[in-house]
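Trainee: Could you pick one part of this model and take me through it closely, then show me what surrounds it?

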Amino acid sequence: MDFFVWRVSAWQKLRSTPNKDKKIAVMFWNHGPGKQNIGATYLNLFRSLEEILARLSKEGYRVEGKLPSEEEIKELILASGRNIGSWAPGELDALIRQGRAVRLPLDRYGEWARDLDPEYWRAVEAEWGKPEEGKVMTRNNEIILPCVPLGNIVLVPQPSRGWHDDPNKLYHSTKLMPHHQYTAFYLWLKHGFKADAVISLGTHGTHEWLPGKQTGLSQSCSPEVLIQDIPNIYPYIMDNIGEGVQAKRRGRGVIIDYLIPPVKKAGTYEEYGELGSLINEYNESLSRSPELAEKKYTRIEALALKLGLLEDLGIKEFNADAVEALEHYLLELKEAKLPYGLHTFGRSPDGEALEEFSQLIRERNPAVPLADIKTKLSLCNRETDHLMDGLSGRYIPSAKGNDPLRNIEAIPTGNNFYGFDPARVPSREAWELGKSQADQMIEKYQKEHGNYPEKIGLVFWSIELQRNEGTQVGTALHLLGMKPVWDRNGKVTGVEPIPGDLLGRPRIDVHLQVSGLFRDNFPNLILLMDDAVQKAGQLKDVENFIAVHNQKIKDYLIGKGYEEKEAERLKQLRVFSNEPGSYGNTIEDLIPNSGLWEGDDEIADVFINFVSFAYGRDVWGKPLKSAYKKNLEDVKITMHTRSSNLFMNLDTDGVFSELGGLALAVKRAGGAYPDVVLSNQSNPDAAHVEDIEKALGRELRSRYLNPKWIEGMKQENYAGAREMNRFSEHLWGWQVTTPFAVSGAQWEQIYEVYIKDKYNMELKAFFDKHNPWARQSMAARMLEADRKGYWKAPEEIKKDLARTYALDVMEKGVACCEHTCNNPMLQKFVTNIISLYGLLTPREMEQFKMTIAKAVGKTQEEHEAEHSAVRQGLKDPMEKNREEEAVTAESKDKSVKGFEMVEEKAEETQITSSGSSWMVMVTALAVMGLVALGWKRKKL
């Protein structure tokens, strides 16, 4: 109760303290470390900071000195406000020399840490050792906190999580406690800087994903320990309600949503326009000049092959049908949506961008006048207005979030968005769409393979469910031959079988890969799906793949030593996720760190280790690697939904780490890749299932190779260059997890567009001015793809990439991301290419080596020896990742280990979007009333 009162008091203090006396920490993201990677999701960070600092100054907050411009903010943050990996001690020394970073003595940290919850502190020391043993941003018995001080306002990066700094933890720690520098940062906010509030600027940070309870956090849970009673005001993109709910529930954030960037149609450009014209000419000449048509046919084939379009579409034999498929594909590319630039917090779109954005929204909402849409899109000043209200402890209005093309009620922005009642999932509409997606997958597989898919692996995300109301739940139920039962209020009360004669096919088994966030937000749906699997597995009216696989899994478990009764229950489990209180699978961090791992089996084992915890009615988070692998052996298709018009598959690492990771795990368990498909639901009226090859190809061509997209990003300066690098990193993620989905032609086109600038967009000058490390990182990634054998780059391209990378390192300094500074094998590879072909003078070669050595604090030989030692040290965690759970005496006994999850009757329980009972809300309101009454009496 005291803690609750302190938190209320802190918010009340914002109402009574003059603005000139308030201390505000503006926190931004630099995950993972590197000069090229400072920013937030679809937000121009430096430009937004310029906007926010100007408004703070206008409102009377003390911003010391002349208000910095966007460019000046960038330079300040690059110099003293960024995270630096433990692999780059020279970079850390340079940051310290700037004189702005906070140098926190270990003894001072120890004094502050004495008041921390003992359970939390024991867990931190168990993971990271004593403070003096810390390796993350420490120097000479001091913890270094990057910082840009501006009077009563400080600009600070949220510390990195530490996965990158300790390979053993990256490989095996399913729950990683915050390290000492992370802990010290939050203690400094409270006791050193004495922050009155934190602005967590942009989607999304790591604090809300730290270990601890799923809901109802205790005083020993990491997020609660660290945020303490500091008010946390959290600008968040409107189209990510699922993760925003996590920031509210576990990060104690008050959301202020911001607009997505303006959206435009991709249109036709360059070679794709040429190919479209050729196809039109071919069609016209078929009847009047067969000889001319044949020549055009040959040119069409050659151009489509060069561009890699045949691989996108899975065309093995070029014929008239292939020409027609290309024609339709080009139309899809033309009509695809792309974000035009980024959003700046508090600024509305204008001009042509506003016009086209409004028109696209109206196409989906024809009953709404165009003028009304334009007005709503022009009210982004509400974002900054409500940020100021939050800093004054005032109310932030609530409203629905979502993609504005899907839900026009989500604009104007500047609101504390909310989700919807999970008891209504799936909605009747989502059920119908889910059924359609299930039927499409089955039909597609039958057409391509000649039989039914015995089992389909589905990825469940809270983010997606908040957009599409649970279509993936509907898909899973229909595959099983089950259907939801709704009460008269539209709430789902259970499931019932679809009779076999109506179903008309076998009952298809499912593997449900549930994100940690979905697990937290929708435990009722996990119980629903577990119930559906158990009921479906008992039916005998049609061929039943669930029953077949149940027996196979049971036999294996009994062979491992499980008792009959326990094996009978465990064989039916199909819902798997992270360990309770844990999130993600770390392969989104491991794959970019490509100098560390040597084969994709290592990555698959890491994935399986992190997400093989079983969930069901009487089992909640049981480590069950044995049954997990057995489930994967029979998966024939893996599928994920994508419902946003903004977020696709190459602008986030989450899709390749979940869908790609699952596909790689299936290959590891069963020996072959499954078919990997996406349910494209960006337009619910035209939802369809498509291969990952086509989805990635369309996105790459309609957005990232498109001069229109590049033009929009160029207007965003550093932030736009960062986006250009990010998509190539995410393509690398797909390359590793689903190598069949990424072609050499695609890497060649990225090289031609971004390194050779074939569209004459002055890209080298743009990168050099705003973010040269983004282009450097792209060149390094392409070289790394060749080094590791994923792409056989043509010799001339390889030579040019090596020279480009080396010259950029010499001229601009090394980016110091994982695949550059933390990758001695790449440096050796580049050096060998340069030496073999004489691409640099001896003096230039020495300068290149010295630049790297200065950043990493060791010679190339020392770095290689260290790398070898690290690889040697990974043998133990790699072996542990391959081990299945032990069958202990306890598990041979009567009980099933894990946490018990008991479902109450639907009529007696209402669950909010955070998964909490309405009674908790009533209780909280009552407590707040009592606190307010006591406050008034004490005149606090």
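Mentor: Gladly! Let's start at the hairpin of β5 and β6, where two residues lie between the strands and G151 takes a positive phi near 75 degrees. Strands here are DSSP runs of E with at least two residues, helices are runs of H or I with at least four, and both are numbered from the N terminus. Keep in mind that this is a predicted model, in which local features need pLDDT of at least 70 and side-chain atom pairs count only at pLDDT 80 or more, while totals for chains, interfaces and linings use all residues. Residues are numbered from 1 along each chain as its sequence is written, and side-chain values use heavy atoms, with hydrogens and water left out.

On either side of that turn, β5 and β6 (residues 153-157) run antiparallel and are joined by three bridges; two strands count as paired if DSSP finds at least two bridges between them. Across the hairpin, L150 faces I153 of β6. On another side of the story, β6 also pairs with β1, this time in parallel, over five bridges. There, A25 has V154 of β6 as its bridge partner.

Now step back to the whole sheet. It is open, with six strands in the order β5-β6-β1-β7-β8-β9 and mixed pairing. The edges belong to β5 (148-150) and β9 (253-258); each has a single partner strand, so one side of each lacks a neighbour in the sheet. Averaged over the sheet, neighbouring strands are turned by 20 degrees against each other, direction ignored. Such angles come from lines fitted to C-alpha atoms, for helices over the stretch in contact; helix-to-strand angles run from 0 to 180 degrees between N-to-C directions.

How many residues of β6 are buried? Five of its five are, where buried means under 20% relative accessible area, exposed over 50% and partly exposed in between, with a 1.4 Å probe and protein chains only. I153, L155 and P157 point one way from the strand, V154 and V156 point the other way, and all of them are buried. Helix α2 (residues 45-58) lies across β1 (24-28), β5 and β6, and it runs at about 160 degrees to β6.

L155 deserves a pause. Leaving out residues up to four places away in sequence, L155 touches V26, F28, L49, L53, I73, I77, C147, V148 and L150; a contact means heavy atoms within 4.5 Å. Among those neighbours, C147 counts as buried at 3% relative accessibility. L155 is also one of the residues with the most contacts inside the largest nonpolar core, together with W188, I750 and Y754. That core has 245 residues, a core being a set of buried Ala, Val, Leu, Ile, Met, Phe, Trp, Tyr and Cys residues joined through side-chain atoms within 4.5 Å. Helix α32 (residues 718-737) gives the largest share of this core, nine residues. A second, separate core has 45 residues, including L480, M482, L503 and F522.

Next comes a second sheet. It is open and antiparallel, with three strands in the order β2-β4-β3. Here β2 and β3 (138-139) are the edge strands, each pairing on one side only. Two bridges join β3 to β4 in the antiparallel sense, and T138 has I143 of β4 as its bridge partner.

Helix α5 packs on this sheet, touching β2 and β4, and its direction makes about 70 degrees with that of β2. Helix α8 lies across β2 and β4 as well, running at about 70 degrees to β4. Within α5 (residues 106-113), L106, Y109, W112 and A113 are buried. These four cover an arc of only 120 degrees around the axis, going by the directions from the helix axis to the C-beta atoms, which puts them on the same side of α5. The buried residues of α5 pack against β2 (102-105), α6 (118-128), β4 (142-145) and α8 (180-192).
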